[in-house]
Amino acid sequence: MFSMKNWQQGKKWTNWSNNIVSYPATYYAPSSIDDIQQVVQNMKKNQTLRVTGAAHSFSPVAMPEETALTLHNLRGLLSVDQKNLTATFYAGTYLHEIGPLLAAHNLALINMGDIQAQTLAGVIATGTHGTGVTLGSFSSMVTKWGFINGLGEYIEHERGVDDLSEALHVSVGLLGILVTVTIQVMPLYSLHYVSEKVNLMEELKNFQQTIRAHRHVEWFYFPGSELIQVKKMDVVAPVEQNKWARRLNEANLQIVENGLFYVISELCKWQPRASNSVSKLSAKLVSEGVRTDLSYRMFPSPRSVKFNETEYAIALPQFEACMEEIHVELQRGKFDVHFPIECRTTKGEVGMLSPTQGGESAFLAFHMYKGMNETPYFEWVQMLMRKYNGRPHWGKVNDYHADNIRHYYPKFDRFAAIREEHDPNNIFMTTYFRRIFQ
């Protein structure tokens, strides 16, 4: 979780996994929209500013160079529209704060991912998503953006069929600082969760049917193993899990999925060649079971074992062929990796920089334990994903640069033009983005 204790002049800035480090000269923690406007208007020539969010990105997308700004003091629910089922928040609100705030009004988020440490601004800017072939990313929930552009102007824009909406959909913070956001919500609900351990090849045969039979389906493929974990969740009427059962489940997650997994991860770091055996053992030890609770308690999972991650979206019909190729390669034990590959689905979204590019997509997330060498593994992933025309998640390790960005995003030049209109002085254009926009 973000802490203001580290938000001090002269301190280094680092992301959650510590693979990105910088030393910004100035830190700001504004408490109002006016304060942010003043910061932007006072930026000096050739200085850059980044809003750092919760620092949960694995790419330099949020890395500050000269100036770092946090929205930590701009959090909370501003208003609720029960008739239209929308809620307006300050964009600095953390995801773990949203569930209880909405539940007090008998409302809930439509979808979430499995991490709840990020800010609304961060997940919207990067297109962060959960799973569900009929559901979109956080960006797709937005009905109105309130942002401060590079000229210090506060602009509110309602979603429509227009270029600015398509550019704001996934803007990676290049059009301005998102400070307020109105999102589509739904009546409070619970989720019934089932975790199963199944055979990979058998489940591949049923994949397309399974993802349409359940609201949420998530796979965890353990490199080299014939067994996978499949998680399914479906909407049920609001009901809360027994308090003691919830505490027991949380304790199990902390002890087994974090404590024990940390120990075996340290073993793999010390003895990398054990990774393949550890992966297969982990698949056998997958916990199966069922439970039901309010949705905001069911979506996230605690993640205290640190890792680096790259993630790609591919066209949904290509998923089975891609997984078969991955399985064949990882059975050979070429890479020292024991973290499972996380497989999720989303609907297509209209956004100039959306990795889905309007089509139903499968997202495959590849992880490597912090401290182990991810380079050979991630380079192989990049090569493989080119074959399937995979587009990287903006917040994960990616290979975006000026030579390939237009291949990934045909409307990139239009996005670049809109970006220049809203940030003509390149306040938000750090070294990472200059490599892409050259």
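1. In this predicted model, the largest nonpolar core is made up of 71 residues, and Trp 394 and Phe 433 are the ones with the most contacts inside it. Strand S11, which covers residues 177–187, supplies the largest share of this core, namely 6 residues.

2. Trp 394 deserves a closer look in the viewer. Once its neighbours within four places in sequence are left aside, Trp 394 is in contact with Ser 59, Val 61, Thr 126, Val 170, Val 172 and Leu 353, and also with Tyr 400, Ile 405, Tyr 409, Tyr 432, Phe 433 and Ile 436. Phe 433 thus appears twice in this note, as a contact of Trp 394 and, together with Trp 394, as one of the residues with the most contacts inside the core. Apart from this core lies another, of 44 residues, which includes Phe 58, Leu 200, Ile 211 and Leu 384.

3. Leu 384 leads on to a pair of helices, since it is also among the residues of H10 that make the contact with H9. The axes of helix H9 (residues 319–331) and helix H10 (residues 375–387) come within 11 Å of one another and cross at roughly 150°; because angles over 145 degrees count as roughly antiparallel, H9 is described as roughly antiparallel to H10. The crossing of H9 and H10 is right-handed. On the H9 side the contact is made by Cys 322, Glu 325, Ile 326, Glu 329 and Leu 330, and on the H10 side by Tyr 377, Trp 380, Leu 384, Met 385 and Lys 387.

4. Where does Asp 423 lie? Asp 423 is placed in the loop between helix H12 (412–422) and helix H13 (431–437), and, with a relative accessibility of 0%, this residue counts as buried, because the cut-off for that term is under 20%. Not counting residues up to four places away in sequence, Asp 423 touches Gly 150, Leu 174, Phe 428 and Met 429.

5. A separate point concerns an open sheet, in which 3 strands are arranged in the order S3-S5-S4 with parallel pairing. Strand S3 (26–28) and strand S4 (49–51) stand at the edges and have a single partner strand each, so one side of each is left without a neighbour in the sheet. From one strand to the next, the twist averages 20°. S3 and strand S5 (residues 67–69) run parallel and are joined by 3 bridges, and Tyr 28 stands opposite Leu 69 in S5.

Notes. Residues numbered from 1 in each chain as written. Predicted model: local features only at pLDDT ≥ 70, side-chain atom pairs only at ≥ 80, totals over all residues. Heavy atoms only, no water. Pairing = 2+ DSSP bridges. Helix = DSSP H or I, 4+ residues; strand = E, 2+ residues; numbered from the N terminus. Axes fitted to C-alpha atoms, helices over the stretch in contact; angles between N-to-C directions. Buried < 20%, exposed > 50% of the residue type's maximum accessible area, 1.4 Å probe, protein only. Contact = heavy atoms within 4.5 Å. Core = buried A, V, L, I, M, F, W, Y, C linked by side-chain atoms within 4.5 Å. Parallel < 35°, antiparallel > 145°, perpendicular 65-115°, else oblique. Left-handed = near helix turned anticlockwise from the far one by under 90°.
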